[in-house]
Amino acid sequence: MTLAGKSELRVSNGSFCYDTHMKVILDMVISPNGFIARENGDEDWLPSDGWDDFVAEAKEHNNIVMGRETYEQVTEKYENENFDNVQVDHKLIVTRNNDSQTPKGYTLVHSPEEAIEFLEKVGVKTLFLIGGGILNSSFAKRKLVNQVQLTVTPYIIGKGRPFLAFDNFEFGMALLSVKQLSLGRVRLVYKVNP
Ligand SMILES: NC(=O)c1ccc[n+]([C@@H]2O[C@H](COP(=O)([O-])OP(=O)(O)OC[C@H]3O[C@@H](n4cnc5c(N)ncnc54)[C@H](OP(=O)(O)O)[C@@H]3O)[C@@H](O)[C@H]2O)c1
């Protein structure tokens, strides 16, 4: 699928990518070995510290974009740190299912391209991509990610859901900042190399 009015592809590092002006920031809390949740989707091993900062950044960008699985897991499992409590104008759930019911306060879209197109139309400049790993990879594979923000939490789980689902892509990044946070967490911000 191509982006409406932006079907022209430009070449980057010898491969193709969509020509869009939307900045996409991927923001995740991860274990040092790259997991975002247990295999069953539990995030009980992650501290809730950082939630307020996450909400503040979501407000700054006035949107959050999440995979269907993230919406369902977080809504079901967490009463307070829940996307229903994030006050932004645009909360997008990405799904391939055309028959899904749209939860109140959310918009359903069916691809990363449709998410970008929707947000461009409503004047959003930066898409705030909040996972999970399967959706992150969909964006990465299409070379749509411009910035990666990782809060590395000092806790290892041996098995789980990765922050980028395994797929056929690779990209380099430049480190923009490193910040030490409470509880031994470290915040890394990278710019994706064009
Ligand atoms: N630690 C963190 O920072 C963090 C952040 C976010 C989420 N999480 C956790 O991550 C887990 C979920 O992550 P996940 O990787 O399993 O799933 P996910 O990426 O949240 O959702 C996957 C689903 O998104 C939809 N999707 C993905 N790519 C698509 C595309 N190109 N076009 C259309 N739809 C697409 C599909 O929905 P359909 O199946 O409906 O088609 C797919 O099954 C949850 O446990 C959540 O709690 C952790």
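Q: Which residue just after H4 takes a positive phi?
A: That's lysine 143, with a phi of about 55°. H4 is a DSSP run here: helices are H or I with at least four residues, strands are E with at least two, numbered from the N terminus.

Q: And what's the numbering, and what kind of model is this?
A: Residues count from 1 along each chain as its sequence is written. It's a predicted model, where local features need pLDDT of at least 70, side-chain atom pairs count only at pLDDT 80 or more, and totals for chains, interfaces and linings use all residues.

Q: Back to H4, which of its residues are buried?
A: Gly133, Leu135, Asn136, Ser137, Phe139 and Ala140. Buried means 20 or more other C-beta atoms, placed from the backbone, within 10 Å of the residue's own.

Q: How much of the chain is buried?
A: Buried residues are 28% of the 194.

Q: Ok, ligand now. Which residues come nearest?
A: Gly41, Gly67, Thr70, Gly131 and Gly132, out of 30 around the ligand. To count as near, a residue needs its C-beta atom, placed from the backbone, within 6 Å.

Q: Which elements give two or more residues to that shell?
A: Strands S3 (23–30), S4 (35–37) and S5 (63–67), plus helices H2 (68–77) and H4 (133–141). H2 has the largest share, 5 residues.

Q: What about the whole chain, how many helices and strands?
A: 4 helices and 12 strands. The radius of gyration, taken over C-alpha atoms, is 16 Å, close to the 16 Å from the globule rule for 194 residues, so the chain is as compact as a globular protein of that length. That rule is 2.2 Å times the number of residues to the power 0.38.

Notes
A residue is buried if 20 or more other C-beta atoms lie within 10 Å of its own, exposed if 12 or fewer, and partly exposed in between; C-beta atoms are placed from the backbone.
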